[in-house]
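Here are a few exercises to work through with the model open beside you. Try each one yourself before reading the solution.

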Protein chains: 2
Amino acid sequence: MVKPGKWTLVVVMQLRSETRRFSELRRGIGDISQKTLTITLRELERDGFVSRTIFPTIPPRVDYELTALGQELLQLADGWRQFAARNRVAVEAARHRFDLAAGEPAIRLVSSS
Amino acid sequence: MVKPGKWTLVVVMQLRSETRRFSELRRGIGDISQKTLTITLRELERDGFVSRTIFPTIPPRVDYELTALGQELLQLADGWRQFAARNRVAVEAARHRFDLAAGEPAIRLVSSS
DNA sequence: CCGCATCCATTTTGATACTG
DNA sequence: CAGTATCAAAATGGATGCGG
């Protein structure tokens, strides 16, 4: 994968443990455009992480599913998600401290009266 | 981390097991602009993954080092890197198949003579 | 040496309209 | 329903010049 793409892992996590139709993915993610979802799925399919099954019915139906390789990618994505969840509070606190410190002088010479 | 940034993990991996100066990082990475490196380091510092130590000498010197949280991030980055290395060949093969199949008709009716 | 500010090229994304 | 095409908007990244 040369360029993961902003939505790649989100899509992979949506495919956790079940086959999904295009519109199900779209609704499940919520704020992704049709175009971006299409591109993301194409890249995942191209790299062998997702399989695509077309049912030539009317209306058409397309199912997406993780391949074995895709399942491995899901494990990594989960690792990342768990890390983010575990440390969300610590990161927010660090960020808050940093933003506060930015407004203050490097060395405080006198205490404010 | 709301937005990881293209170079974030590269920088973290450069900080594996040792403190680094700004210019050392720049040379070690090789193809990153000063601006982008500065921004990447600031974000990492802001979120508590990297600590920054300023030596007010002339010329100035600034050291960067992973915090405990940063070390955890490094583990994740390594996991990703190992996954990519393990599956590089498989992904390239899948990509090649996909690109070839794109040019062919969906159903081959007759064999070429 | 370190890093900020500005400008500019490239990339990425979304909105919209249209097709099978 | 599941895309494709096109255009405009926004984010990103690099180059350059300046400053502590």
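**Exercise 1.** Find where A:Asn87 sits, and decide whether A:Asn87 is buried or exposed.

*Solution.* Keep in mind that this is a predicted model.
- Step 1: look along chain A for helix α4, residues 68-103; A:Asn87 is in this helix.
- Step 2: check the relative accessible area of A:Asn87, which is 10%. Buried means under 20%, so A:Asn87 counts as buried.
- Step 3: look for partners, skipping neighbours within four places in sequence. A:Asn87 is then in contact with B:Leu69 and B:Glu72.

**Exercise 2.** Work out how chain B can be laid on chain A.

*Solution.*
- Step 1: turn chain B by 180° and shift it 0.0 Å along the axis; the RMSD to chain A is then 0.2 Å.
- Step 2: the two copies are therefore related as by a two-fold rotation axis.
- Step 3: compare the contact residues: 100% of those of chain B recur in chain A, so the same surface serves both copies.
- Step 4: to spot the axis from chain B, go to B:Leu76, whose C-alpha comes closest of that chain's residues, at 4.1 Å.

**Exercise 3.** Describe how the protein meets DNA strand D.

*Solution.*
- Step 1: there are 20 residues around the strand, and A:Ser23, A:Gln34, A:Tyr64, B:Lys3 and B:Lys35 come nearest.
- Step 2: sort the residues of this surface by class, which gives 7 nonpolar, 5 polar and 8 charged.
- Step 3: pick out phosphate partners. A polar side-chain atom of A:Tyr64 lies 2.5 Å from a phosphate oxygen of strand D, and for a side-chain N or O atom of A:Ser23 the distance to a phosphate oxygen is 2.7 Å.

Key. Residues numbered from 1 in each chain as written. Chains lettered and ligands numbered in written order. Predicted model: local features only at pLDDT ≥ 70, side-chain atom pairs only at ≥ 80, totals over all residues. Heavy atoms only, no water. Least-squares fit on C-alpha atoms with pLDDT ≥ 70 in both. Contact = heavy atoms within 4.5 Å. Helix = DSSP H or I, 4+ residues; strand = E, 2+ residues; numbered from the N terminus. Buried < 20%, exposed > 50% of the residue type's maximum accessible area, 1.4 Å probe, protein only. Near = heavy atom within 4 Å. Polar contact = N/O pair within 3.5 Å; in protein donor to acceptor, adjacent residues only side chain to side chain. Nonpolar A, V, L, I, M, F, W, Y, C, P; charged D, E, K, R; others polar.
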